[in-house]
Every structure is written in C-alpha cells, then in structure tokens.
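Me: Could you walk me through the fold of this protein, one question at a time?

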Amino acid sequence: MIYLDNAAGSHPKPEIVRNTVFRALTELGASPGRGRHSLARHTADTVERVRGQLAELIHAPDPSRIVFTAGATMSLNMAIWGYLSSRGGHVLCSSMEHNAMVRPLLALAEQGKIQLELIPADRWGYLDTGSLLSRIRPDTALLAMSHASNVNGAVQPLEEICRICSSMKIPLLLDASQSLGLLPVDVQQLDIALLAIAGHKALYGPAGVGALYVRPGMELSPLLSGGTGGQSERHSMPEEYPQHLEAGSLNVSGIAGLGAGLDFLGAAGQENIYHYCMEICSSLSEEAAILSGVKIFWGKRDRPRIPVFSMSIYGFSPDEAADALDKLGVCIRAGYHCAPLAHQSLGSLERDGLIRFSPSRFTSREEARLAVLALEKIIREKAEKIPDQQGRQKSSMLLPVGEPAEDSGEGAGISGRSPAPPQVKGPLSAVENYADNG
C-alpha cells in the first residue's frame, strides 16, 4: 500500500508513537486530576509534560493556556462558540476554509449572532492583504483563517496578516491543522489570539487528540461543562486555565502519543521533514503533470506552500480516479476535502472536487515513482476504453479543455482562468447546498 493521504491523518505513525500509546493504555489507566493516588499523579504528570511540549513548540508564554481537545474541529468550535456566541459582531473568514471553521461560523450567522463576511482568495488560494484591510469595520470582532490550505497547500502571508490584526486590535483565530509540524508558528511573536492544533497530521500523533491555545487575557465561555477534578463545589466551571475549558476525562493515551509524536518531530527536525516532503511532492507533481489530461492544483512556486497538492484528470470524476488508484494500492483523498469554499475559489467545485496527494516523512521516493506509474496506468486504460471515432486518437479524449494555465504547469483552475470570488448571500447561503463528498 502507498499511503498519500497524510493531510487527513498521518500513517504510519512513528514506532515511538505506537509504543507510547500501548504503554499508556497498559500503565496509565487512571484519570488525571481525579485522585490522590500515585497512578493518578503519574498520569497527570504525563499530561502536563505534553502540555509543556506543545507550549514550547508554538512558543506559548504559559502552558496552562494550552487546552487539550478531541481534535482541531473541537478546538475551532471551542474558540468560535466560546468567543463569539455572547459577543457577536462582524467576523471575517477566508474563502479557503475547512468546514470545521465554516460551519460553526455559519451556525452563528444563521442565528443572527454575528455578521459573517468572506475574504476571497485569488485563483492560487492566497489572500490579498489589501482585500482584508478593505473589509475591516469598527465592529470587526474576529479574523478566522487557516494557515495552510488542505486542498492545494497554499500558505497565507501570516506575518503581514498578524501585523494588520495587531495594529487594528482584531483577534486572530488561526487553524494550524495542516501547517504545524511543517512550518514554525510563534504565537507570541505573531500575537495570535487563538490557535487550533490537530495532533494526528504533521505532529504524527494518534487520531482523536488536539489542542487549543488561548492567549492570556483572551477569555472564552466553556463549550462543555462537567467534571474537572477540582473545585467540585462550584456550580460553574473553574476560572483557571486549562480547567476552565477542559471538562470530562482526557484522552490520556492520545495525549501521550501526541507527546511521542512531538519527540519524533524534534529528533527528525521539523525543517528536515518539510524539505523532504516537499521534494516528494515536487517530484510526484512534476511527473504527473506530464500525463495526458492531468491538471495540478498547488500553491505558486514563488509563494510559501506545504507538501499538499491536488489534481484533476480529464475524463475522470474524483471518485472514479481514487477508486481506480485504490485498486492499484495507492491511497489518496477524493472530493471536496470538507472545504467547498476552497474549491469554489480554485475553480474546482463544479467538477465535484479533486484528488489530493499528501506525503509524509515515511513516504519513500520509490513510492512516489510508483504512484505516478499508477496514474499513468489508469489514464492509459481509460483511453483504451474510449471508442475510436472518426479516426481521432483515443487519447485525445483525455486532453484538458480550455486555455492552459499561465504559470509553469501548475494552476488554480482547469482553464487557467481566475474563478469569480464566492458569493455571499445572507449567512453564506451559497455553501448550504454543497455536500462534503468525502
């Protein structure tokens, strides 16, 4: 099996992660903060060690402002509902967002609690800071955006955006699900108010664990209420962090595994992993782009991007291409990738999305080569099934339509033309009819 769906969840996990999760399940059965006995204390020490590791990774000033969650989706909901549900106001959101960001914002907009406005990305998936500035209002309460796209890997100009937010005193909610573990993020230097973290992607932890960083002075209403192991006589959640937002039993084995993933990341070197994965992506995309009917969707070569890219194959639906590759042992992601707004920005929405490729540190160069051969095979077999009509070559049925892209074989849309920005009617009604489609 050649696994190229690491943007959804890294696989395989490092051996240290597998071993640590097993040990946690066999040796850390107590609930942290729920007992005075030695096993509970030992479990709590493990949790706090990983909290400190995350704080060190993102340069958080206080580890207590790292709140463990069930994943980035929970982190984003915790941030959005916790900050905006009682505050309201005007909220800016990029057009490259995952539904984990869009859907809670839409829910608040539909309830009349916020006014939601999209910042359209260009055809490569990048935000223009001038467009951001022109949309800021006196009542703008939050800017919500992803650091890097889960569809085409485009990395937003974070430093410039953070300077704007700081100068205008607008809190920034940053979804770092795709970027953390590949790119450095310094929440103090950038003055990031809220940072959503996924543990199971480029941090190489297990599924079902994530975190939310909450800047000191930034207060959220709890999304969940329940037991915290302390101050049980109170009828409301404790005011102190992280207990203020951490209700219920924590996923101890998942947190321990995340800590082991961070150990692996530190030993291998984040920058080394990034460059290796970019090399794999570059080789795979360049070889695939030569094939008939293939169109690559990746951030621009001269702009920051992560090792995540998508493609269309003329004559194939995304599901058909993914199924054909799966039969050859190549695992990829097909459809909208839970990000229909991003596909609308890139011009791929009406084609039922794209197929996505995302390697990890464990993807070999040979696997990348074999993946290209698999692509070549399914394209050739498709051409052979198309009847030869009026003397035309069968392969001509697989050529892309429209104009070529303007730039070096990689582009944002099938025709190379910039799509119109997403239309916003009411609370983003244009999104409501789009299924996730995988």
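Reply: Gladly! One definition to begin with: helix axes are lines fitted to C-alpha atoms over the stretch in contact, and angles run from 0 to 180 degrees between N-to-C directions. Please keep in mind that this is a predicted model.

Me: At what angle do the axes of helix 8 and helix 9 cross, and what does that make their arrangement?
Reply: The axes of helix 8 and helix 9 (residues 270-289) come within 6 Å and cross at roughly 80 degrees. Angles of 65 to 115 degrees count as roughly perpendicular. Helix 8 is therefore, relative to helix 9, roughly perpendicular.

Me: Which residues meet there, and how many charged residues does the contact of helix 8 with helix 9 have?
Reply: From helix 8 come F264, L265 and A268, which meet Q270, N272 and I273 of helix 9. By class, this contact has four nonpolar and two polar residues, and the number of charged ones is none.

Me: Which strands stand at the edges of the open sheet?
Reply: The open sheet is formed by seven strands in the order 2-8-7-6-5-3-4, with mixed pairing. An edge strand has a single partner strand, so one side of it is left without a neighbour in the sheet. The twist from one strand to the next averages 20 degrees. The strands at the edges are strand 2 and strand 4 (114-119).

Me: In which sense does strand 2 run relative to strand 8, and which residue of strand 8 stands opposite V67?
Reply: Four bridges join strand 2 to strand 8 (residues 210-214), and the two run antiparallel. On strand 2 (residues 66-69), I66 and F68 point one way while V67 and T69 point the other way, and all are buried. Opposite V67, in strand 8, stands L212.

Me: What is the sense of pairing at the other edge, between strand 3 and strand 4, and which residue is the bridge partner of L92?
Reply: Strand 3 (residues 89-94) and strand 4 pair over six bridges, in the parallel sense. Within strand 4, the bridge partner of L92 is E117.

Me: Which helix packs on the sheet, touching strand 3 and strand 4, and what angle does its direction make with strand 4?
Reply: The helix is helix 4 (residues 99-110), which also touches strand 5 (140-146) and strand 6 (172-175). The direction of helix 4 makes an angle with that of strand 4 of about 140 degrees.

Me: Y204 and D191 both have a positive phi without being glycine; is each buried, partly exposed or exposed?
Reply: Y204, with phi near 65 degrees, lies in the loop between strand 7 and strand 8. Its relative accessibility is 3%, and as the cut-off for buried is under 20%, Y204 counts as buried. D191, with phi of about 60 degrees, is in the loop between helix 7 (187-190) and strand 7 (194-198). At a relative accessible area of 35%, D191 is partly exposed.

Me: Where does a cis peptide bond join Y241 to its partner, and what is omega?
Reply: The partner is P242, whose place is in the loop between strand 8 and helix 8 (252-268). For the bond joining Y241 and P242, omega is about 5 degrees.

Me: What about H11: which residue does a cis peptide bond join it to?
Reply: Omega for this bond is about -5 degrees. The partner sits in the loop between strand 1 (2-3) and helix 1 (15-27). The residue joined to H11 is P12.

Me: And for the whole protein, what share of residues is buried?
Reply: The protein has twelve helices and 13 strands. Of its 438 residues, the buried share is 56%.

Conventions
Residues numbered from 1 in each chain as written. Predicted model: local features only at pLDDT ≥ 70, side-chain atom pairs only at ≥ 80, totals over all residues. Heavy atoms only, no water. Buried < 20%, exposed > 50% of the residue type's maximum accessible area, 1.4 Å probe, protein only. Pairing = 2+ DSSP bridges. Parallel < 35°, antiparallel > 145°, perpendicular 65-115°, else oblique. Contact = heavy atoms within 4.5 Å. Nonpolar A, V, L, I, M, F, W, Y, C, P; charged D, E, K, R; others polar.
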